[in-house]
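Please take a moment to look over the sequence and the fold together before reading on. The paragraphs below begin with a single residue and then widen out to the helices and the whole chain.

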Amino acid sequence: MTTYEMIEDKMLEMGFTPGVNGFYSLAHAVNYFFENPEKAFFQTKISGEIYPYVGQKMGITASAAERNIRHLIESSIYTNPNIFGNLTDMNKGKVTNSTAISYLLILVKREIGSNEI
């Protein structure tokens, strides 16, 4: 099983709906760190690196990738308010794309036994 498939499985397990726009964009955003293992999450620019990468993979613009991921997060929280536990950004009142990507990255890395993030 590829890491991308493991990411999809984890997303399904968490309750994300694959038919919602953004499902595959989020999966590609997390997979970026497996395809670029030298990159640490906290040193990576979401807008400058992740969204363009996702856009290239999906054949969309970087801004569409950001919007799709945001849409997935918001619709998933609407249908399953506990999908991210208590990770809501208190300043923004919602779970940010960055938080969702890093949370899913941590879960998948733990599952495959990798401690580097």
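His28 has a relative accessible area of 14%, and because anything under 20% counts as buried, this residue is buried. The model in which it is seen is a predicted one, and within that model His28 sits in helix α2. Setting aside residues up to four places away in sequence, His28 touches Tyr4, Tyr53, Val54, Lys57 and Met58. Tyr4 is one of the buried residues of α1, so a reader who follows this contact is led from α2 to another helix of the protein. A longer step along the chain goes from His28 to Leu107, which are 79 residues apart in sequence, while their C-alpha atoms are 15 Å apart in space.

The helix around His28 is worth following from end to end. Helix α2 takes in residues 23-35, and its 13 residues reach 18 Å from the first C-alpha to the last, close to the 18 Å expected at 1.5 Å a residue. Of those 13 residues, 11 are buried, so α2 is largely enclosed by the rest of the structure. The buried residues are Phe23, Ser25, Leu26, Ala27, His28, Ala29, Val30, Asn31, Tyr32, Phe33 and Phe34. What covers them includes α1 (3-14), α3 (46-58), α4 (62-79) and α5 (97-112).

With α2 in view, the protein as a whole can be described. Its secondary structure comes to five helices and zero strands, and read along the sequence it follows the pattern α-α-α-α-α. A compact globule of 117 residues would have a radius of gyration near 13 Å, and the protein has 13 Å, which agrees. Along the principal axes, the C-alpha trace spans about 35 × 30 × 30 Å. Of the 117 residues, 42% count as buried, and among contacts between residues at least 6 apart in sequence, 55% join residues at least 24 apart.

The helix that comes before α2 in the sequence is α1, whose 12 residues reach 16 Å between the first C-alpha and the last, close to the 16 Å expected at 1.5 Å a residue. In α1, the residues Tyr4, Met6, Ile7, Glu8, Lys10, Met11 and Met14 are buried, and the buried residues of this helix pack against α2, α4 and α5. Just after α1, Gly15 takes a positive phi of about 110°.

Between α1 and α2 there is a loop, and Asn21 has its place there. Asn21 is partly exposed, with a relative accessible area of 47%. Leaving aside neighbours within four places in sequence, Asn21 is in contact with Asn68, His71 and Leu72, and of these contacts Asn68 and Leu72 are listed among the buried residues of α4. Asn21 and Asn36 are 15 residues apart along the chain, and their C-alpha atoms are separated by 25 Å.

That contact leads on to α4, whose 18 residues should span 26 Å at 1.5 Å a residue; the C-alpha atoms at its ends are 26 Å apart, which agrees. The buried residues in α4 are Ala64, Ala65, Asn68, Ile69, Leu72, Ile73 and Ser76. An α-helix has 3.6 residues a turn, so residues three or four places apart point the same way. The buried residues of α4 pack against α1, α2, α3 and α5.

From α4 the path continues to Asn97, which is placed in helix α5 and counts as buried at 8% relative accessibility. Not counting residues up to four places away in sequence, Asn97 touches Tyr51, Glu66, Ile69, Arg70 and Ile73, and both Ile69 and Ile73 appear among the buried residues of α4. Asn97 and Ile46 are 51 residues apart in sequence, yet 8.8 Å apart in space, C-alpha to C-alpha.

The outside of the protein remains to be described. The protein exposes about 6,500 Å², and carbon and sulfur atoms supply 50% of that area. As for charge, there are 10 positive and 12 negative side chains, and the centres of the two sets lie 8 Å apart.

Methods: Residues numbered from 1 in each chain as written. Predicted model: local features only at pLDDT ≥ 70, side-chain atom pairs only at ≥ 80, totals over all residues. Heavy atoms only, no water. Helix = DSSP H or I, 4+ residues; strand = E, 2+ residues; numbered from the N terminus. Rg over C-alpha atoms; globule rule 2.2 N^0.38 Å. Buried < 20%, exposed > 50% of the residue type's maximum accessible area, 1.4 Å probe, protein only. Contact = heavy atoms within 4.5 Å. Areas by Shrake-Rupley, 256 points an atom, 1.4 Å probe, with all protein chains shown as cover. Lys, Arg positive; Asp, Glu negative; His and termini not counted. Charge placed at Lys NZ, Arg CZ, Asp CG, Glu CD. Expected span 1.5 Å × (residues − 1).
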